[in-house]
Amino acid sequence: IPVHCFLFKKEFLADMLFDLELPNHEDWEFHLRIAAKKPIYRYQADGIAYYRVRNTSMSRDKELMLKGKKMCIQKAIDSNKFSELHRDALVKRLNES
């Protein structure tokens, strides 16, 4: 689920910035840090965002995107902010990459 599909209360965003050290997936990593704060998620049926991808978009570079994805997941694992169940799911996802 793209990170732009979420709206968060202000208190979950306090002092949070994207990690500019990541080549991509900084939005995923940002969302994982918010998820670690255990917000309550609710479903909104209406579309609230559009996603545009161009032929020249970075997301078309599969090797670069995979590198960023692995870095993002590893950073979340290393943070030790997730329960064992969620950490195991992250490890599984990293190994599937």
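## A salt-bridge network and two helix contacts

Asp 19, Glu 29, Arg 33 and Lys 75 are joined in a network of salt bridges. The model is a predicted one, and the structure holds three salt bridges. The paragraphs below take these pairs in turn and then move to the helices that carry them.

Side chains of opposite charge can pair when their charged atoms come close. One such pair is Asp 19 with Lys 75, whose side chains meet at 2.3 Å, N to O. Asp 19 sits in the loop between helix 1 (10-13) and helix 2 (26-35), while Lys 75 belongs to helix 3 (residues 62-78), so this salt bridge ties together parts that are 56 residues apart in sequence. Asp 19 has a relative accessibility of 13% and counts as buried, because the cut-off for that class is under 20%. Lys 75, at 34% relative accessibility, counts as partly exposed.

Lys 75 also forms a salt bridge with Glu 29, with 3.5 Å between the closest N and O atoms. Here the partners come from helix 3 (Lys 75) and helix 2 (Glu 29), so the pair ties together parts that are 46 residues apart in sequence. Glu 29 is buried, and its relative accessible area is 3%.

Glu 29 in turn meets Arg 33 in a salt bridge, at 2.8 Å from N to O. This pair lies within helix 2: the two residues are four apart, which means that about one helical turn separates them. Arg 33 counts as partly exposed, with 23% relative accessibility.

The next topic is how helix 2 and helix 3 are arranged. Their axes are 9 Å apart, and the helices pack at an angle of about 20 degrees. Helix 2 is therefore roughly parallel to helix 3, as angles under 35 degrees fall in that class. The crossing of helix 2 past helix 3 is right-handed. On the helix 2 side, the contact is made by Trp 28, Glu 29 and Leu 32; on the helix 3 side, by Lys 69, Cys 72, Lys 75 and Ala 76. Glu 29 and Lys 75 are thus among the residues of this contact, and they are also salt-bridge partners. By type, the residues of the contact of helix 2 with helix 3 divide into four nonpolar, no polar and three charged.

Helix 3 packs against helix 4 (residues 84-96) as well, at an angle of about 155 degrees and with the axes 10 Å apart. Helix 3 is therefore roughly antiparallel to helix 4, since the class takes angles over 145 degrees. Helix 3 passes helix 4 in a left-handed crossing. Helix 3 contributes Lys 69, Lys 70, Ile 73, Gln 74, Ala 76 and Ile 77 to the contact, and helix 4 contributes Arg 87, Leu 90, Val 91, Arg 93 and Leu 94. These residues divide into six nonpolar, one polar and four charged. Lys 69 and Ala 76 of helix 3 take part in the contact with helix 4 and also in the contact with helix 2.

Conventions:
Residues numbered from 1 in each chain as written. Predicted model: local features only at pLDDT ≥ 70, side-chain atom pairs only at ≥ 80, totals over all residues. Heavy atoms only, no water. Salt bridge = Lys/Arg side-chain N within 4 Å of Asp/Glu carboxyl O. Buried < 20%, exposed > 50% of the residue type's maximum accessible area, 1.4 Å probe, protein only. Axes fitted to C-alpha atoms, helices over the stretch in contact; angles between N-to-C directions. Parallel < 35°, antiparallel > 145°, perpendicular 65-115°, else oblique. Left-handed = near helix turned anticlockwise from the far one by under 90°. Contact = heavy atoms within 4.5 Å. Nonpolar A, V, L, I, M, F, W, Y, C, P; charged D, E, K, R; others polar.
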